[in-house]
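Let's walk through this protein together, one question at a time. Keep the picture open while you read.

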Amino acid sequence: MIAGVSLARPQVMGILNVTPDSFSDGGDHVAVEVAVKSALRMQVEGAAFIDIGGESTRPGAAEVPIEAEIARVVPVIEALREVSDVAISIDTRKAAVAEAAIKAGANFVNDVSAFRFDPDLAEVVARTDVPVCLMHSVGTPETMQDQAQYRDVVQEVFDHLAERIAFAEAAGIAHTQIVVDPGIGFGKTLEHNLELLAGLDRFHALGCPVLLGASRKRFIGTIGGAENPKDRLGGSVAVALEGVRQGVQILRVHDTLATKQAIDLQLAMQGRGRDGQNSIRD
């Protein structure tokens, strides 16, 4: 269980960026009412988590001041929590933002820096006893694509996440409260992304649930011939299903309905029920 959600079957995490400049949905949810309506729609479509972010981490994005980030996310979290018990993830690198978001009703922290940007965030997670997703990245969003150099990307990402798990546990975070994310697109080339996707099952050896966040990313558009991120549904679903095949427990996506439907069909064809358990005799 993570934030009250069973991971016996792959679960969908809906992306809700309340930013003006995110690469795919920037500006779509800046009004609180619109953001909450979108979150409720994603929940109805099958999302078990809603991931709310107030700072774009796309390549080249500039840092957002703490006060501005809090002002973007807290009203949405408060309004959503009033009408829904869905698991709410706060997508932030900053301790102060996470603290405010958890007070407002968030019950999961998603840190793309894995506590490298703000080590104090580990103390907030430990003290509030919420789960956390530790993602692999290099540098900052402004510089990460200039640092995309690896000898063995799968092994180096694995080792980095193992070190970050150790850091989190030393800060008092239980191993059972940690999720890992290999960080598709964060300081990786197209070739690096493909190598990571081919080796997703290796990350289960870390002993934590694995989250895959590849929805609408640039490499999907490059391979699939879709310049506009919103035209990358087919490629995004294909990548999500490969994640399911390799045992990924959480799929972080923009297109919740299509992804949930694809997962349900994948599980049915594998003889697994909606709860992820075997339901059809071999």
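A disulfide is a pair of cysteine sulfur atoms within 2.5 Å. Keep that cut-off in mind for the first questions, and remember that this is a predicted model.

Q: How many disulfides does a search of the whole structure find?
A: The whole structure was searched for cysteine sulfur pairs that meet the cut-off of within 2.5 Å. The number of disulfides found is 0.

Q: Why is Cys-208 without a bond to its closest cysteine sulfur?
A: The closest cysteine sulfur to that of Cys-208 sits in Cys-133. A disulfide needs the two sulfur atoms within 2.5 Å. These two are too far apart for a bond because the distance is 9.7 Å.

Q: Is Cys-133 buried or exposed?
A: Buried means under 20% relative accessible area. Cys-133 has 0% relative accessibility, so it counts as buried. Cys-208, with a relative accessible area of 4%, goes in that category too: buried.

Q: What is the order of the strands in the open sheet?
A: Let's zoom out. The protein has 9 helices and 8 strands. The open sheet is made of 8 strands with parallel pairing. Reading across, the order is 6-5-4-3-2-1-8-7.

Q: Which strands are the edge strands?
A: An edge strand pairs on one side only. Look at the two ends of the order 6-5-4-3-2-1-8-7. There you find strand 6 (178-181) and strand 7.

Q: Which residue is the bridge partner of Val-12 in strand 8?
A: Strand 1 (residues 11-17) and strand 8 (residues 250-253) run parallel and are joined by 4 bridges. The partner of Val-12 in strand 8 is Leu-251.

Q: What angle does the direction of helix 9 make with that of strand 1?
A: Helix 9 (residues 256-269) packs on the sheet, where it touches strand 1, strand 2 (47-53) and strand 8. Its direction and that of strand 1 make an angle of about 170°.

Q: Why is strand 3 described as largely enclosed by the rest of the structure?
A: Strand 3 covers residues 87-91. Check each residue against the cut-off for buried, under 20% relative accessible area. Strand 3 is largely enclosed because the buried count is 5 of the 5 residues.

Q: Which residues of strand 3 point the other way from Ala-87, Ser-89 and Asp-91?
A: In a regular strand the side chains alternate between the two faces of the sheet. In strand 3, Ala-87, Ser-89 and Asp-91 point one way. The ones that point the other way, also buried, are Ile-88 and Ile-90.

Q: Which residue stands opposite Ser-89 of strand 3, on the strand 2 side?
A: Strand 2 and strand 3 run parallel, joined by 5 bridges. They also make a right-handed β-α-β unit with helix 2 (residues 66-83). Opposite Ser-89 stands Asp-51.

Q: Which residue in strand 4 is the bridge partner of Ile-90?
A: On this side, 3 bridges join strand 3 to strand 4, and the two run parallel. With helix 3 (residues 95-104), they make a right-handed β-α-β unit. Ser-89 has Phe-108 as its partner in strand 4, while the partner of Ile-90 is Val-109.

Q: Which residue in strand 5 is the bridge partner of Asp-111?
A: Strand 4 and strand 5 (residues 132-135) pair in the parallel sense over 3 bridges. Together with helix 4 they make a right-handed β-α-β unit. In strand 5, the partner of Asp-111 is Leu-134.

Q: What is the phi of Ala-114 near?
A: Ala-114 is in the loop between strand 4 (108-111) and helix 4 (120-128). At 0% relative accessibility, it counts as buried. Its phi is positive, in a residue other than glycine, and is near 55°.

Q: Which residues does Ser-236 touch, not counting those up to four places away in sequence?
A: Ser-236 is in helix 8 (residues 233-245) and counts as buried at 9% relative accessibility. One residue it touches is Arg-216, found in the loop between strand 7 (211-212) and helix 7 (218-224). Arg-216 has a positive phi near 60°. The full list is Ser-215, Arg-216 and Ile-220.

Key
Residues numbered from 1 in each chain as written. Predicted model: local features only at pLDDT ≥ 70, side-chain atom pairs only at ≥ 80, totals over all residues. Heavy atoms only, no water. Buried < 20%, exposed > 50% of the residue type's maximum accessible area, 1.4 Å probe, protein only. Contact = heavy atoms within 4.5 Å. Pairing = 2+ DSSP bridges. Axes fitted to C-alpha atoms, helices over the stretch in contact; angles between N-to-C directions. Right-handed = clockwise from strand over helix to strand, strands pointing away.
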